[in-house]
Amino acid sequence: MEAATQASASTVMQVAPETGEEALAPSSVPDVSVGVAPARRAPTAQVLAITGARGGLGVSALLLHLAWALSRAGRRVAMMDLDPAGGLDLLCGQAVLTGLRWADLPVEESAFRPGHLVGALPVWHAIPVLTGDVRGGPTSCADAVLEAMRAEHDVVLVDLPRGTPPPSEARVLLMTGLDLRSAVAAESIAPRLRGPHPGGPELTGPDEPAVRPAVWLVVRQRGEDVVAEDLELITGCPVLGHLPTDRVLIKRLALGEDPVRARSATRRAASALARELLARVLVPEEPEPDPAGGRTTGLERRSESWPR
């Protein structure tokens, strides 16, 4: 890890002439790939994907608050932004987060050194963050990156764009509101996130995830066309928590300030939601017997990449 930290600290920024944006100098990008994949250690982290029924609900801000709350609860947390436009780091405050972005990672890699990769990523409140920039977002190496991040953490939070299938075996938080537009959107997107209904047709095909993700709702207290019980009924997903409309946070984000630097209604709600997650969602799975004589977990059974 010390070598990875030194590599990250020595990263040099240069200005791309065509965009005027800062980018990592090619010669300074640390080597985080393994070349030939070594014997893999079983990933330990659970994956929690967070997405919104529609735009404007504050999904990325919720992800940051949950990462902070879970870290405060003693969990090793990492964040991955799958939005093609990136931008998760822009919500982290005025400080520039230096480190690797998606465009700096070798597209063709099938495995990464977990410690080297994590040590070269930007850090926010001691939490590694992988996001995109003007050069682009996630690439075909995303599965290998996720596996490496899981090997070094307890929880990996994924900022999932609307309409994107979640990673295999991920739990999913679907954020929605109490207005009619959000409710209709949640009703439409929930089945796609959850997969076929239990007892329905079996999953088939190379692009289908090995395990259906479980989906929970997080309700933003916006609108009054429906109530939480209506949302549970039309989506078939339980409500895990509620978030207030936080004008203090909205102002803080507009000023480019760190969203969790001081107390707020959202920070209190996220802390309560984190406790619910740890009690009901992010519960470690018991390893299942391996027919070969050992023991294996559901995480080790993951063989298919998730479609992007």
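Gly 86 is buried in this predicted model, because its relative accessibility is 17% and the cut-off for buried is under 20%. This glycine sits in the loop between β4 (77-81) and α3 (114-119). Leaving aside residues up to four places away in sequence, Gly 86 touches Asp 81, Thr 131 and Gly 132. Asp 159 is 73 residues away along the chain, and its C-alpha atom is separated from that of Gly 86 by 9.6 Å.

**Salt bridges**

The loop between β4 and α3 brings us to the charged pairs, since Asp 104 lies in that loop too. Side chains of opposite charge can pair when their charged atoms come close. Searching the whole structure gives 7 salt bridges, and the table lists some of them.

| Acidic residue | Basic residue | N to O distance |
|---|---|---|
| Asp 179 | Arg 54 | 3.6 Å |
| Asp 104 | Arg 135 | 2.8 Å |
| Asp 133 | Arg 135 | 2.8 Å |

Let us take the pair of Asp 179 and Arg 54, which meet in a salt bridge. This pair links distant parts of the chain, 125 residues apart. Asp 179 belongs to the loop between β8 and α5, while Arg 54 belongs to the loop between β3 and α2 (59-72). Are these two residues buried or exposed? Both Asp 179 and Arg 54 are buried.

Next come Asp 104 and Arg 135, whose side chains also meet in a salt bridge. Arg 135 is in the loop between β6 (127-130) and α4 (142-152) and Asp 104 in the loop between β4 and α3, so their pairing ties together parts of the chain 31 residues apart in sequence. Asp 104 is buried, with a relative accessible area of 10%, whereas Arg 135 is partly exposed at 35% relative accessibility. The side chain of Arg 135 meets that of Asp 133 as well, and Asp 104, Asp 133 and Arg 135 are thus linked in a network of salt bridges.

**Helix α5 and its cover**

Helix α5 covers residues 180-194, and the loop holding Asp 179 lies between β8 and this helix. Its 15 residues reach 21 Å from the first C-alpha to the last, close to the 21 Å expected at 1.5 Å a residue. Where is the kink in α5? A kink of about 25° lies at Ser 188, shortly before the proline Pro 191.

The buried residues of α5 include Ser 182, Ala 183, Ala 185, Ala 186, Ile 189, Ala 190, Leu 193 and Arg 194. An α-helix has 3.6 residues a turn, so residues three or four places apart point the same way. Among the elements covering the buried residues of α5 are β3 (46-52), β8 (171-177), β9 (215-220) and α6 (228-235).

**Thr 235, a view from α6**

Helix α6 contains Thr 235, a residue that counts as buried at 4% relative accessibility. Thr 235 touches Ala 186, Glu 187, Ala 190, Arg 194 and Leu 217, not counting residues up to four places away in sequence. Of these partners, Ala 186, Ala 190 and Arg 194 are among the buried residues of α5.

What does the side chain of Thr 235 reach? One partner is the backbone oxygen of Leu 231, at 2.6 Å. Another is the backbone nitrogen of Cys 237, at 3.2 Å.

Note on methods: Residues numbered from 1 in each chain as written. Predicted model: local features only at pLDDT ≥ 70, side-chain atom pairs only at ≥ 80, totals over all residues. Heavy atoms only, no water. Helix = DSSP H or I, 4+ residues; strand = E, 2+ residues; numbered from the N terminus. Expected span 1.5 Å × (residues − 1). Bend = angle between axes of the 7 residues up to and from the residue. Buried < 20%, exposed > 50% of the residue type's maximum accessible area, 1.4 Å probe, protein only. Contact = heavy atoms within 4.5 Å. Polar contact = N/O pair within 3.5 Å; in protein donor to acceptor, adjacent residues only side chain to side chain. Salt bridge = Lys/Arg side-chain N within 4 Å of Asp/Glu carboxyl O.
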